[in-house]
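Me: I have a structure open and would like to know what stands behind the labels people put on it. Could we go through a few together?

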Amino acid sequence: MTDASDASEPVRPRGFDFFSAGELPAPNLSGAEVAAILADEWGLEVELRSLGSQQDQNFLALAPGTGEPVGVVKVTNPAFTATELAAQDAAALRIAEHASELRVATTTTDAAGRPRSVVADTSDGLRSIRVISFLDGGTLTGSAYLPPRTVARLGELAARTSLALADFEHDGLDRVLQWDPRFADRVVDLLAPHHPDASRRRQVTDAAASAWARLAALAPDLPMQAVHLDLTDDNVVRAADGGLAGGVPRGLPDGLIDFGDVTRSWAVAELAITISSVLHHAGAEPVSVLPAMRAFHALRPLSSAEVAAVWPLVVVRGAVLVVSGEHQVQLDGGENAYAADGLEREWRIFERATSVPVEVMTAVIAAALGVELDQAHAGSPLEVDADAFSRLVHGLEPSRVAVLDVSIMSPDVDAGAWLDGEELEARLARAALDRAVDAAVLPRAVPRLTAARVRADSSSATVPTGLDVWFRATTAFTSPANGIVTTSGTGLVSVELAGGVRLDLDATRADEPHRALANAPGSGTKVAAGSPLGTAASGARIRIRLQRSDAPPAPHTVRPEVAAGWLALTADPAPLLGLAASDVASDAGSAAASDAAALLERREASLAEVQEHYYAAPPRIERGWREHLVATDGRVSLDMVNNVTPLGHGHVGVADAVSAQLRRLNTNSRFHYGAVVEYAERLAALAPDGLDTVFLVNSGSEATDLAIRIALAATGRRDVVAILEAYHGWTYASDAVSTSVADNPNALATRPDWVHAVDAPNPFRGVHRGADAARYAPEAAARIASLAAEGRPPAAFISETFFGNAGGIPLPDGYLSGVYTAVRATGGLAIADEVQAGFGRLGHWFWGFEQQHAVPDVIAVAKAAGNGYPLGAVITTREIADAFRSQGYFFSSTGGSPASSAAGLAVLDAFRDEHLQQNALRVGTRLKERLEELATRHPLIGAVHGLGLYLGVEFVRDRATLEPATAETAAICDRLLELGVIMQPTGDHQNVLKVKPPLCLDDASADFFVAMLDRVLTEGW
């Protein structure tokens, strides 16, 4: 390998030189001896606990008896000079002065203000011993998952450190460390032979050599400065629990420790070393470091050369860690547990650093930061000038080319047909060719729905790097330039063309997989422009890709997270076919691929702020199928929260029924037509005897609002009794009886005087728990009787029939029957809010009140009624309904319209024909059992509530006190999204997972949800 230092002046260190120092065994003093030295020198009486270190020896000093930390005792490797230690102390003080928002571990002082630093004569020889300040809060040590906000904070810390040290100078910086990436080539050459695994050794040396070649070319353009050089997960400290620390949210790193590697090096090395430490954490992959890079770049902008250097630096850092770790373990004879424990961690860093080619990751980083790379730093972007090439195929006219659309927004892909994948693509192509066009083309760069996969804990490879073309007739291909055939056979012909371009032709037939192009020239054949490259039979699928010759071979489709990198190394082959890029563009696909963040900005600019959305950075979801939702990049997520669509997304029966009705007629319910009558009859038939009269509305809020107004009219009263922690809607009356502070923090303070709240009958965390929950009903009944005695008898008692807003908690046995009896005894009505629990979600029963063996006077229902189409209803008796005449007339513009009635009928048909209530019972029982098993292994789960597919997983910090784990629940939902599960919190404490998926949920999806939740609870969030 080439030493990058050759590009500048030779390094002649005054201090430590790794390459001439020989072996560096770590100090090995006993804790008792070190404690005695501290007592003799500074009168410190402490207990010492050994901490890990690669080449030094560290102890945590604790006050006797209390166990309170006093400091960290560092016994420095004797190879390092006093000048170097002084530089470390000075650098720490410099950062503390220039970045006051950070906590910095500096050398402590005694009562006289003198640093606690001494060179002691020990049993191991002269050793430098210092007492460093202890920063509470804990490091990020370990393999637990790091969320994006934490990763971003690491980048910010690295930037602030870099800025603080930018003009720091000290003689002790003049040293040669094995961790300084300027010497990575020499370190790998020196230590790799000690690696015992020949296969791994070869991987390390090959990757390091390739990355080093890039760094050597970039070195002259990389600025130098003082760097900490070890700002890793082990050497940053989280803010202490209990609110904010220096303005930093609780739990985010705000402290810096261990300045033992301070030196002068490339400035960008600070960032590279920080982000490399992210890679060994659970769930991490190369793109996981982008939040850190964005945060660093926002404070300390990176140059083009530094952007180009970052990933080669990460690769060589991984290589150095691997060879150094193995060497240290051998050097210490297996007694250095810290080094031994780190071997697999260091291998994971290297393995993940090399899992994406450097060229690809560099382009991904540049795109993420908005940096345009200089050609000298990143190579020439691949562009195809049609005038510089001959035609690959002759005679193809744009007007006779059909562009196929299998994007997420495609109108050509019905319902779940996209799951057929390439078979669907072939069907669409055959249909196009049957229309007598000459070719059918799938465009490059547009995410393909057909490549998406369900129940995947990472994104699918949906973005094509080339074109797929089907030709109607036998088609001959000719070389577009002079070149040489490098691969021929097994379906692939590759040609290295003049100008640094590689052309790949992959020809297959459905009935003859991997069939090679006929008459293709053999490997090694030199071809001139216009020379034959072979022919493909009629109807064959041809995959055509162009890419830079010096780039790694591009897969035909790539994951969207790294698509920017691969697309930068490839080009659209359309010009070689005589087609402009616009000729093969997919309008729908282009719209679908628009940036989700940009669309979010437009949303927030045009919609009221209070009309919120799930997630801080939500994916753009434009398609759904059954229990799955599909984002515009092709990522498929399992929808475990959407009780609006019980039949599932994209239900063909509902879509066809509504579409057919809209083509015929859609108006309001004042007109006379059949659908509204049939729907009302079938809905009433599902209610208990006597509840035979239906009002149709647009939503659940309107249904509960109307139910309350009907009760007021029927009784001539104005007071209503509701339960705490409930949500019933956003209209005036439904909001008035909503008491959930999660939905409205001011809910309890803003209730009108006609609303009277009784305790939430929550047997898990309410005022009465367990067996004492039987007290809720008598107490509510007493409150109703008290109101009547005060001359304010209630018009109605309203409640959910299953305590859904609190997390799917069944009401105590007999609660509704007891309270219904009490309200009726005073002449009031019982209103059942079935907006969430109704329509078979509980599995055992169609209505939630059936679980309580109670019958209401008024039922309010919505959500499930229309499978997402605006439809709700109030069902009551004829007598009660007639009393509403005193209010004038009732009218709803779209409630009961022909289209909404058609939707409602289709939903009822599907419930019957697809056995959705039975599925809710069977799958819901399985799901709850598996969630309860999770609770035996994860103490954060306080309880699993619910029945059927109306469940809640409640998280608590302490199972005895039931302290709500609110922040944890939000973070768990964010992590689940990364793993492909849509989930949201519910409850007044926002600490319950709202498990209310479409009722078509199958066993595989239920198991996937449990597996991903298990993974999050195991790996972290």
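Reply: Happy to, starting with strand 14: in strand 21, Ile542 is the bridge partner of Val469. Please keep in mind that this is a predicted model, where local features need pLDDT of at least 70, side-chain atom pairs count only at pLDDT 80 or more, and totals for chains, interfaces and linings use all residues. Residues are numbered from 1 along each chain as its sequence is written, and side-chain values use heavy atoms, with hydrogens and water left out.

Me: What makes strand 14 and strand 21 (residues 541-548) a pair?

Reply: Two strands pair if DSSP finds at least two bridges between them. Strand 14 and strand 21 have four bridges, in the antiparallel sense, so they count as a pair. Strand 12 (residues 439-442) also pairs with strand 14 in the antiparallel sense over four bridges, and there Leu442 stands opposite Asp468. Strands here are DSSP runs (E, at least two residues), as helices are (H or I, at least four), numbered from the N terminus.

Me: Why is Ala386 called partly exposed?

Reply: Buried means under 20% relative accessible area, exposed over 50%, and partly exposed in between (1.4 Å probe, protein chains only). Ala386 has 36% relative accessibility, so it counts as partly exposed. You will find Ala386 in the loop between helix 13 (375-378) and strand 11 (401-403).

Me: Which residues of strand 14 (residues 467-471) are buried on each side?

Reply: Leu467, Val469 and Phe471 are buried on one side, and Asp468 and Trp470 on the other. That is five of five residues.

Me: How do you know that helix 28 (residues 1003-1019) has close to its expected span?

Reply: The expected span is 1.5 Å times one less than the number of residues. For the 17 residues of helix 28 that gives 24 Å, and the first and last C-alpha atoms are 24 Å apart. After helix 28 comes Gly1020, with a positive phi near 115°.

Me: What makes a set of residues a nonpolar core?

Reply: The members are buried Ala, Val, Leu, Ile, Met, Phe, Trp, Tyr and Cys residues joined through side-chain atoms within 4.5 Å. The largest one has 99 residues, of which Ile275, Met293, Trp311 and Ile365 touch the most other members. Helix 9 (residues 304-331) gives the largest share, 15 residues. A second, separate core of 92 residues includes Val654 and Tyr679.
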